[in-house]
Amino acid sequence: MSINNILVIGAGTMGRQIAMSCALSGFVTILQDISDTALRAARTELENWAAGRISKGKLSAEDVELALSRLTQSTELATSAARSDLVIEAATERLDIKRAIFAELGEHAPAHAIFATNSSTLASSHVAEASGRAAQVCNMHFFNPALVMKCVEIVRNAQTSDATIATVTEVARALGKEPVLVNKEVPGFIANRMMGAIQQEALDLASKGVASIEDIDTTARTALGHPMGPFELMDLVGLDVIDFIAQATYAETGEPSDQPHPMITEKVGEGKLGRKSGQGFYLYDQEK
């Protein structure tokens, strides 16, 4: 199926960047959010990002102008859904909110429209039934920052059709991404499970006094070739996000080993969330 019009729901960090990626790739794109303030902030951030790319010679002024002309904003979900071939939901990670969104999409979107959730923790099977068209629902998990990161995890639920997977994969490639297919719904999908295992081991090593946080990060960079150490990466992602992912995984599996690590729980309790708060495992200069 040909995809021309894409609706992105949620103007937060992920949603706004996914929407800009779509617009830059030639898709007519609507960024929808219930908050006018969030939409204004998204537009300002994207315009500033684009200006920076122009100044560095990464994008032409013409490309940016065309992209921004393709990208509109709306607080109305029903009318936006009615004009969409593909919907990418990037709203807050609450199942009740997502189910309500997918129910409204099922009511107002064209019969051919495909619905994808960007969630990294909630599998699409949890919202597919609410949409009334489970065969046209999947996960389309982008990574932060979505304008830069190439990987997109495409996760099928038990009812997702082959046609849906083929179309979403085609769109991911059109966005300049590298789609990977996850054939079964498992908590954390691929990347978060692999990275979670590394982070858990790093946290255990540090908590047992085997090595310092700094030396563990140095080892990951210099011995394993990782661009960032696990503690640096957790600070970048946000320790509250790491905590949320662990809680969601534990709720799904019931495995004690999937619970948030005590070091994460302690930091979050202290409000030390990483770069976003100025302090996590490291201290950051907020003026930079």
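When I say that residues pack or are in contact, I mean heavy atoms within 4.5 Å. With that settled, a caution: what you see above is a predicted model.

I will begin with helix α10, residues 230–237. Its buried residues are Pro230, Phe231, Met234 and Asp235. Looking down the axis of α10, those buried residues fall within an arc of 140 degrees, so they line one face of the helix. What do they pack against? The partners are α8 (191–207), α9 (213–222), α11 (239–253) and α12 (262–269). Just after α10 comes Gly238, with a positive phi of about 110 degrees.

Now to the sheet. It is open and has eight strands, in the order β3-β2-β1-β4-β5-β6-β7-β8, with mixed pairing. Which strands are at the edges? They are β3, residues 71–74, and β8, residues 178–182, each of which pairs on one side only. On average, neighbouring strands of this sheet are turned by 25 degrees against each other, direction ignored.

I will go through some of the pairings. Strand β1, residues 5–9, runs parallel to β4, residues 86–89, and four bridges join them. One of the residues involved is Ile9, whose bridge partner in β4 is Glu89. β4 also pairs with β5, again in the parallel sense and over four bridges. There, Val87 stands opposite Phe115 in β5. β5 and β6 run parallel too, joined by three bridges. Thr117 has Asn139 in β6 as its bridge partner.

The connections come next. The chain crosses from β5 through helix α6, residues 125–131, to β6, and this β-α-β crossover is right-handed. β4, α5 and β5 likewise make a right-handed β-α-β unit.

Two helices lie across strands of the sheet. Helix α1, residues 13–24, lies across β1, β2 (28–32), β3, β4 and β6 (137–142). The direction of α1 is at about 170 degrees to β2. Helix α2, residues 36–55, lies across β2 and β3, and runs at about 160 degrees to β3.

Strand β5 deserves a moment for its side chains. As background, in a regular strand the side chains alternate between the two faces of the sheet. In β5, residues 114–117, Ile114 and Ala116 point one way, while Phe115 and Thr117 point the other way. Are these four buried or exposed? All are buried.

That leads to the nonpolar cores. The largest has 38 residues, and Ile6, Met140 and Phe142 touch the most other members. The element that gives the most to this core is α1, with six residues. Apart from it lies another core, of 17 residues, among them Phe102, Leu105, Ala128 and Val137.

Met140 is worth following outward. Setting aside residues up to four places away in sequence, Met140 touches Ile88, Ala116, Thr117, Asn118, Val152, Glu153, Val168, Val171 and Ala172.

From that list I pick Val168, which sits in helix α7, residues 162–174. Why does Val168 count as buried? Its relative accessibility is 1%, and the cut-off for buried is under 20%. Beyond its neighbours within four places in sequence, Val168 is in contact with Ile114, Cys138, Met140 and Ile154. Val168 and Ala116 are 52 residues apart in sequence, and their C-alpha atoms are 8.4 Å apart.

Thr169 is also found in α7. Thr169 is buried as well, at a relative accessible area of 15%. With neighbours within four places left aside, Thr169 is in contact with Ile154 and Pro179. Ile154 is thus on the contact lists of Val168 and Thr169.

Last, a loop residue. Where is Ala91? Ala91 lies in the loop between β4 and α5 (95–108). Its relative accessible area is 19%, and Ala91 is buried. Leaving out neighbours within four places in sequence, Ala91 is in contact with Ile9, Lys98 and Ile101. Ile9 is the residue I mentioned earlier as the partner of Glu89. As for α10, where I began, the C-alpha atoms of Ala91 and Leu233 are 23 Å apart, with their places 142 residues apart in sequence.

Note on methods: Residues numbered from 1 in each chain as written. Predicted model: local features only at pLDDT ≥ 70, side-chain atom pairs only at ≥ 80, totals over all residues. Heavy atoms only, no water. Buried < 20%, exposed > 50% of the residue type's maximum accessible area, 1.4 Å probe, protein only. Arc of directions from axis to C-beta. Pairing = 2+ DSSP bridges. Axes fitted to C-alpha atoms, helices over the stretch in contact; angles between N-to-C directions. Core = buried A, V, L, I, M, F, W, Y, C linked by side-chain atoms within 4.5 Å. Right-handed = clockwise from strand over helix to strand, strands pointing away.
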